[in-house]
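Got your viewer open? Load the model, switch on side chains, and let's take a short walk together.

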Amino acid sequence: MLPLKDKDKPLVQKLLAAGCCARCVLRFCCVGLHAAYRHTSHDAAGPNSTEENSTSQDAAGAEASEDPPSKRMKLEQSVSEAQADGASRVCVCCLGILQQLSEHTQAVKVCVAVKAENYEFDSLVLSVSLPAQLCVREHSCWLHVKKEVREKCMTLDKDDVIQVKEAFKWIMQSLIAKELRGVSVVTKVREVGRLFYLANFIQSTACPDCFKPTKNKLSVFTRMAVVKALEKIPADKFLKHYPCPPPRPAGSCSFQDVQCLHVAVFVAGRYNKFCRSLPQTPWVIDGERRMESSVEELIAAPILSAFRADGFNFSSSGREDVDVRTLGNGRPFAMELLNPHRSRLSRAEMKQLQEAINKSSDKIRVRDLQIVTREATGRMKEGEEEKTKSYTALVWTQKPVQKDDIAFLDEIKELSIDQKTPLRVLHRRALAVRQRLVHSMSTRLLDPHHFYLSLKTQAGTYIKEFVHGDFGRTKPNLCELLKTDTDILELDVESVDVDWPPAIPE
């Protein structure tokens, strides 16, 4: 028994006469009971539902309605009879989405697509993309019943109507869950009908600002653009150019595509880089690859294979230049694995994966490899500008120096420097002057023209520019401090002081 009230009768009759299906009638009557939608369009409207559904709806209906059972039964019987007469017709409001596209056969099609991908999963997410045409038809239906509602001293706000997407999910989630016991599914429905006719009218007369072309979209008539336009257009202008109630469609919607996508898995760890000719990301110049490999590719290849993922996004706590080594405890990194077909690995399997990465190349080494949450990866970025980093640089001096000439550098603490965006990165970073701190320095003389300079600095400090001055764009710099030209021959990152990810005992 449906949770409808006798006061809903005028609304029900008007919607059925317009050509709406039983489930759309329930939506406009603001029925929020999931069980009321979980049957075929004919069963949902009829009084002879399954025993289980009837029991649950009787209880909910009794609580939600003050009408006697006899009145509610007559109302449901009228819904059933009217719906039986038009059972083969496509609903003018949902275009069949809540009719044949919400049946078990469609759920089976989704499940077949999921099983073909061979996912490992334990949870279900049903995401639906519906045609923008439904917004237009629903707006027309709402205007159609709005007058009736006002005459009966009732209130029906457009936001109170149950959305087609929500009703569809209530129906399909249970059907898919019975088949698969949990999966991530994206369902796209093909757009049909008169969207472009109406959208062109809205664009030209009511709100052209809603349909501005963008670089990344093939059409200006997006769902959000249509929704915004319908909110702005006056009812009288809408009714002049679009029927109310909406016309009966020539055909129904159909599934355009079923895409199976697993939620992203995040893997984190720390890496050391031992090679002075290895970029962090693939080095491509003018469309031509200049180096055969990169840090992220060496790390990603075994991980993608283990998780059977389609792709990845790589991020790290800062980045080193191609000629800079990363030593010490390594640099924190995180990888977002896209559409992984496997989402869980045991600790032993993660350890084996880490060993596989380390054996694949002598240019890098990975430690503390683990699966983390999306939220946890934010801790890595939080520490980029707040934490400190330690470096060792091999410095050349034009003028011969002795140990005593450079010893004063060991005494300098909390040196504030101003760094204008370096020339070498000006093509990808905004021109600005950034203030950074050199917390401490220590020196070790090699010969009259070479010494090692160890620095502990604020994250984000350009070490190379501090050493050679970058044509005066960094002040003060080592050239000014030593009163001679200096240059940097080698640079190593000794530590990145970000306490993430958690260390894993060997």
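**Stop one: a nonpolar patch**

Select Leu-423, Leu-426, Leu-431 and Phe-471: together they make a nonpolar surface patch of about 470 Å². Keep in mind as you look that this is a predicted model.

Now click on Leu-423 alone. You'll find Leu-423 in the loop between strand E11 (413-420) and strand E12 (433-447). Is Leu-423 buried, partly exposed or exposed? With a relative accessibility of 42%, Leu-423 counts as partly exposed.

**Stop two: charges that meet**

Time to switch from nonpolar side chains to charged ones. How many salt bridges does a search of the whole structure find? The answer is 16, and we'll visit a few.

Select Lys-464 and Asp-323, and zoom in on the ends of their side chains. They meet in a salt bridge, with 3.0 Å from N to O. Lys-464 belongs to helix H16 (residues 463-468), while Asp-323 sits in the loop between strand E7 (311-316) and strand E8 (325-338), so this pair ties together parts that are 141 residues apart in sequence. Try showing the surface here: Lys-464 is buried, at a relative accessible area of 14%, whereas Asp-323 counts as partly exposed at 34%.

**Stop three: back to the E11-E12 loop**

Next, pick Glu-465 and Arg-424. These two form a salt bridge as well, and their closest N and O atoms are 2.6 Å apart. Here too, distant parts of the chain are linked: Glu-465 is in helix H16 and Arg-424 is in the loop between E11 and E12, 41 residues apart. That loop is also where you met Leu-423.

Which side chain of the pair is buried, and which is partly exposed? Glu-465 is buried, with just 2% relative accessibility, and Arg-424 is partly exposed, with 35%.

**Stop four: put the pieces together**

Add Asp-321 to your selection and keep Asp-323, Arg-424, Lys-464 and Glu-465 in view. These five residues are linked in a network of salt bridges. So the pairs from the last two stops, Lys-464 with Asp-323 and Glu-465 with Arg-424, are worth colouring as one group.

**Last stop: one more pair**

Clear everything and select Glu-349 and Arg-342. They form a salt bridge whose closest N and O atoms are 2.7 Å apart. Turn on the surface once more: Glu-349 is partly exposed, with a relative accessible area of 27%, and Arg-342 also counts as partly exposed, at 21%. Buried means under 20%, so Arg-342 falls outside that class.

Key
Residues are numbered from 1 along each chain as its sequence is written. This is a predicted model: local features need pLDDT of at least 70, side-chain atom pairs count only at pLDDT 80 or more; totals for chains, interfaces and linings use all residues. Side-chain values use heavy atoms; hydrogens and water are left out. Patches are made of residues with over 30% relative accessible area and no salt bridge: like charges are joined within 9 Å, nonpolar side chains (Val, Leu, Ile, Met, Phe, Trp, Tyr) within 5 Å. Accessible areas come from the Shrake-Rupley method with a 1.4 Å probe; for residues, only the protein chains shown count as cover. A salt bridge is a side-chain nitrogen of Lys or Arg within 4 Å of a carboxyl oxygen of Asp or Glu. Helices (H or I, at least four residues) and strands (E, at least two) are DSSP runs, numbered from the N terminus. Buried means under 20% relative accessible area, exposed over 50%, partly exposed in between (1.4 Å probe, protein chains only).
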